[in-house]
Structures are given as C-alpha cells and as structure tokens.
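This report describes the helical packing and the aromatic contacts of a single protein chain. The sequence and the coordinates are shown first.

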Amino acid sequence: TSADDFWIGASDLLAEGRWQWAGRDGAELRWFHWREGQPNNYRNQHCVSATRSLEGRWLDSDCRDARAFACQSIVLPPPAPPEAPLPPLPPSQPTAAAGAESALAPAAPGLLGLPSIYLELSKAKLSGLVVMTTGAGHLLAQLPLDPLLLGATLSGTFLCAASANTLNQVIEIPRDARMARTAKRPLPSGRISPAHALAFATTTGGAGVGTLLALTNPTTAALGAATIGLYAGVYTPLKPVTHYNTWVGAVVGAVPPLMGWTAAGGELLSPEAALLSGALFLWQIPHFLALAWMYRADYAAGGYEMLPRRDPTGERTAAVCLEYSCYLTALPFAVWASGLTGCMFAVESLAFNGVMLAAAARFVLAPPNARVQQAQYARRLFFASLGYLPLFFGCLLLHQQSNRHAATEDEEVAAPEAARARLREAGRQYCLHEQLEAPSLCPKGAADEVAAVAHEVAARAAAGLAGSRQTQPPS
C-alpha cells in the first residue's frame with residue numbers, strides 16, 4: 001500500500017484513553033475515543049494538518065507515553081477545511097453506540113450550576129493571577145493602604161479579566177470544540193449558550209470598567225477597557241494567523257500591574273511602571289511557550305499558529321524560553337542599579353531565577369525530536385514559572401526603597417515600614433555571614449562596595465569629560 005494510504009498513530013497518549021491518528025500528507029489528525037473491544041466506538045473527530053519527515057515517517061504531534069502503534073490501510077477523502085463540519089460516522093459505527101453518545105450530551109445548567117460555569121468562563125485561576133499582579137503594583141505605589149481603594153482596584157480588574165476571557169471563548173467556540181483540552185469548556189460542551197456567555201461578558205466588562213472609573217481614576221479605567229479590547233479584539237483574532245500572537249498576548253498581560261500602580265496614584269510613565277510591565281511581559285514568554293509545547297497537538301487541532309507548531313524539533317521554542325529566562329535574570333540587577341530596590345533583591349532573585357534558568361536550559365539540552373524528554377522538561381519549566389511571580393513580587397515589595405515615604409511622620413505609613421524592616425532583620429539572621437560570623441561574606445556589604453566603586457568611577461569619568469570640554473578651543 002502506498003504511504004499516502006496509511007494512518008499511523010500512538011495509543012495511550014491521553015489519560016482518557018484516546019487514540020491519536022495522523023492522516024496522509026497534510027490531511028488531518030483525528031482523535032478517536034477508544035474502548036477495549038470496541039475500536040470503532042468514538043466520540044469526537046478533530047481535524048488538523050499533519051506532516052511527514054523526509055524519511056516518509058509521520059511526525060507525531062505528541063509522543064508522550066507512547067507504547068503501541070497501529071496501522072490501517074485506508075483511502076482518505078480529500079481533507080476538509082478547518083472550519084468545515086465534521087465528516088459523518090463511518091458505516092461500521094454501531095447505531096447503539098451513536099445513541100449512547102447522544103445520551104451523553106450535557107443538559108442545560110440550572111441556577112445552582114451557573115456560578116461554576118461563570119467561574120469557568122472567567123478562567124478564575126488565570127484571573128486570580130492577574131489580580132495578584134495588580135495587587136503587587138498597588139502595594140508598590142501606596143502607603144498607607146486604603147482598603148476601599150484596594151478592593152475596588154482588585155474587583156474591577158477581576159471583572160475586566162473575566163469579560164476578556166469570556167469574549168475569547170465566545171469567539172473560539174469552533175476551535176475549542178476541536179481541542180481535547182478545551183472541548184469540555186462551557187461553550188463547546190453546550191452547557192451555556194453563546195448569547196448567555198456574551199451577556200455575561202458584557203455585564204462583567206461594564207461593571208469592571210465602571211467600578212474602576214467610579215472608585216479609582218480615569219487612567220485605570222481606560223487601562224481596564226484597553227485590556228478587554230486588546231485581548232478579545234487583537235490577541236484572539238491573531239492566534240490562528242501568526243505565532244507572534246504570544247508576544248501580543250504578553251503585552252496585554254503586562255497591563256494589570258500598571259492598573260494597580262495607577263489606581264494607587266502612581267505615574268503611568270515612571271521607572272516603577274516600566275519595571276512592573278516589563279517583568280510581566282518577559283515572564284509570559286517562557287510560561288506560555290512551555291504550555292504551547294506541552295499541548296502542541298491540541299493547539300494544532302484547533303488551528304492555532306503557535307511557535308511549536310512550526311518547530312518540529314523543539315529547538316527554536318526551547319531557545320526562546322531560555323532567552324527570555326536570561327532577560328528575567330538580568331532584570332532584578334537593573335532594578336537595583338536604578339535605585340528602586342536594595343541590593344538584596346538582586347541577590348535573592350538568583351534563587352528563583354536560577355530555577356527558571358535551569359529548567360529552560362534542560363529544555364534546550366533535550367535531544368531534538370526526543371518528544372518524551374522535551375515534554376517533561378517543558379512541563380518542569382511551566383511549573384517553575386507558576387511559582388516565579390509570587391517570589392518575584394514578594395521580594396520586590398520587601399526590598400523596595402522607601403524614599404517616597406521617608407520624610408513623612410504619618411503613623412499609618414510608619415507601621416508598614418516598621419513591619420518591612422522587621423522582616424528584613426529576621427531574614428538577615430539566616431544570612432551566611434551571620435552564621436559564620438564573617439562580615440566579609442555579607443552580600444549587602446560586598447554589593448555596597450561594588451556600588452561605591454562604580455559611582456566613583458562614573459564620577460571621575462564625568463569630571464574628566466567635563467574638563468576635556470572646557471579645554472577645547474572654541475570652533
């Protein structure tokens with residue numbers, strides 16, 4: 001039989017016991033639900049491009065835990081376009097199985113089921129992460145804290161994020177239905193109608209922007225509205241068009257900490273604002289590329305143009321992850337050099353940045369086309385990135401320089417500053433130089449000496465440059 005008439009794939013790829021089949025030359029990829037003794041009984045069919053290597057072998061989209069291969073000689077029909085209706089079941093499909101599948105169709109939710117569906121539409125965990133970065137930006141800007149202002153900022157940001165995520169899912173219903181990871185979401189599974197979801201998105205978006213406008217300031221409200229518009233109107237349409245959608249999405253994800261900063265009275269154009277947005281932008285690249293590699297078969301099934309889809313060996317994806325992990329490692333040192341934090345922020349960042357760098361380096365060093373190892377290392381990088389942001393912002397807030405409030409005698413400001421000083425002192429007791437009673441090993445002392453030398457060199461260079469200009473004859 002010719003190679004074009006072969007379907008090959010791996011079994012046991014998913015925990016749900018599905019078969020993965022690759023069609024001929026760019027034809028299609030179908031996910032079959034397999035039950036022992038009933039290989040023809042399947043629930044979903046999904047189509048996506050499949051490619052072959054130069055040796056004529058299929059490039060399997062996901063070789064995680066592949067233990068058996070199956071081949072079947074079959075003549076495929078011409079591939080259907082991505083948005084075309086799914087082909088009918090083959091004649092060998094038993095009628096009783098079809099009836100059983102239709103019986104599995106989800107029923108419309110009752111009132112008690114709506115809150116959980118709304119949380120799914122909102123992507124509550126992702127929105128919670130967004131709120132955490134917003135809170136960090138707010139704490140970086142304001143002392144003493146205003147509980148009402150902080151609550152309004154966080155709740156308004158959460159509502160805006162919920163609206164953007166829901167609009168994203170409304171737009172992507174056909175594509176989500178073709179992906180195993182997203183097929184059970186409320187919209188593709190039919191648990192809620194698109195009109196209902198759109199009404200929820202409109203309500204949460206209006207409430208979020210309205211809350212920010214009424215209780216914070218117009219700048220923060222405008223940032224919230226921009227987040228919804230950019231996410232649903234720019235990032236989402238770009239996902240099936242170009243793999244640079246990841247970078248566009250990272251720009252959108254860098255906005256929430258700015259909302260916390262501006263809501264507390266911070267200037268939109270300031271070094272602190274650049275730090276907050278820059279950290280979020282850099283972090284998102286390795287985080288989402290690792291996720292895209294883990295689920296590259298699913299993204300391909302949905303027709304999304306992610307970087308791993310055009311990177312069969314994984315080398316380019318891993319290299320980009322390592323590149324941005326290096327940028328993240330350098331960021332705390334730039335923050336310290338600018339005077340926004342003490343030197344210990346840069347020193348302590350070596351721990352969590354070291355974990356990110358090590359995970360990204362393992363991903364890079366995995367042998368090309370070693371899909372099992374690459375998937376493991378991508379997963380480790382993804383989980384390392386999940387713990388990165390809390391540590392980054394925690395250390396940033398702990399070591400933030402307090403020049404903005406140093407001259408005030410307000411007791412409400414002095415109390416948080418005293419608490420921060422106590423935390424620093426407690427941490428200092430665990431420093432290596434304290435345990436060994438060797439002051440020369442203190443990283444802060446060494447950093448201060450390096451900073452003093454650098455300032456002296458810079459001052460001499462500036463003085464020499466000024467002197468040379470004075471001695472030059474007029475032209």
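The text below moves from the chain as a whole to individual helices, single residues and aromatic side chains.

## Overall organisation

The model is predicted. Its secondary structure comes to 17 helices and four strands. The chain has 475 residues, of which 45% count as buried. Among contacts between residues at least 6 apart in sequence, 70% join residues at least 24 apart.

## Three helices

The table lists the spans of three helices.

| Helix | Number of residues | Expected span | Span between end C-alpha atoms |
|---|---|---|---|
| H6 | 22 residues | 32 Å | 31 Å |
| H7 | 21 residues | 30 Å | 29 Å |
| H10 | 24 residues | 34 Å | 35 Å |

Helix H6 covers residues 194–215, and its reach is close to the expected value. Its buried residues are Ala197, Phe200, Ala201, Thr204, Gly205, Gly208 and Leu212. They lie on the same side of H6, because they cover an arc of only 125° around the axis. In general, an α-helix has 3.6 residues a turn, so residues three or four places apart point the same way. The face of H6 turned away from the buried side carries the exposed residues Ala195, Thr202, Thr203 and Ala214. On the buried side, H6 packs against helices H2 (114–122), H4 (147–171), H7 (218–238) and H9 (256–263).

Leu198 also belongs to helix H6. With a relative accessible area of 41%, Leu198 is partly exposed. Leaving aside residues up to four places away in sequence, Leu198 touches Leu167 and Val170. The C-alpha atom of Leu198 is separated by 8.8 Å from that of Ser163, and these two residues are 35 residues apart along the chain.

In H7, the span between the end C-alpha atoms agrees with the expected value, and there is a kink of about 35° centred on Leu230. The buried residues of H7 are Thr220, Ala221, Leu223, Gly224, Thr227, Ile228, Tyr231, Ala232, Tyr235 and Thr236. Among the elements that cover these residues are H4, H6, H8 and H9.

Helix H10 runs through residues 271–294, and its span likewise agrees with expectation. It bends by about 25° at Gln284, and Pro286 follows within four residues. Of the 24 residues of H10, 18 are buried, so the helix is largely enclosed by the rest of the structure.

## Helix H2 and the loop after it

Ile117 is found in helix H2. At 2% relative accessibility, Ile117 counts as buried. Its C-alpha atom is separated by 8.0 Å from that of Arg191, a residue 74 residues apart from Ile117 along the chain.

The loop between H2 and helix H3 (124–141) contains Lys123. This residue has a positive phi of about 50° although it is not a glycine. Lys123 is buried, because its relative accessibility of 18% is under the 20% cut-off.

## Aromatic side chains

The structure holds twelve aromatic pairs. One of them joins Trp247 and Tyr324, which are edge-to-face with 6.4 Å centre to centre and 65° between the planes. Trp247 lies in helix H8 (residues 245–253) and Tyr324 in helix H12 (residues 315–337), so this pair ties together parts that are 77 residues apart in sequence. Both Trp247 and Tyr324 are buried.

Tyr299 and Tyr304 also form a pair: their ring centres are 6.1 Å apart and their planes stand at 75°, so the pair is edge-to-face. Both Tyr299 and Tyr304 are buried.

Which charged residues lie over the ring of Tyr304? The charged end of Arg175 sits over this ring, 5.8 Å from its centre. Lys239 lies over the face of Tyr304 at 4.7 Å from the ring centre. Tyr304 therefore combines an edge-to-face pair with Tyr299 and the two positions just described, that of Arg175 and that of Lys239.

Elsewhere in the chain, Phe345, Phe352, Tyr388, Phe392 and Phe393 form one aromatic cluster.

Technical notes
Residues numbered from 1 in each chain as written. Predicted model: local features only at pLDDT ≥ 70, side-chain atom pairs only at ≥ 80, totals over all residues. Heavy atoms only, no water. Helix = DSSP H or I, 4+ residues; strand = E, 2+ residues; numbered from the N terminus. Expected span 1.5 Å × (residues − 1). Buried < 20%, exposed > 50% of the residue type's maximum accessible area, 1.4 Å probe, protein only. Arc of directions from axis to C-beta. Contact = heavy atoms within 4.5 Å. Phe/Tyr/Trp six-rings, centres within 6.5 Å; stacked < 30°, edge-to-face > 60°. Lys NZ or Arg CZ within 6 Å of the ring centre and 35° of its normal. Bend = angle between axes of the 7 residues up to and from the residue.
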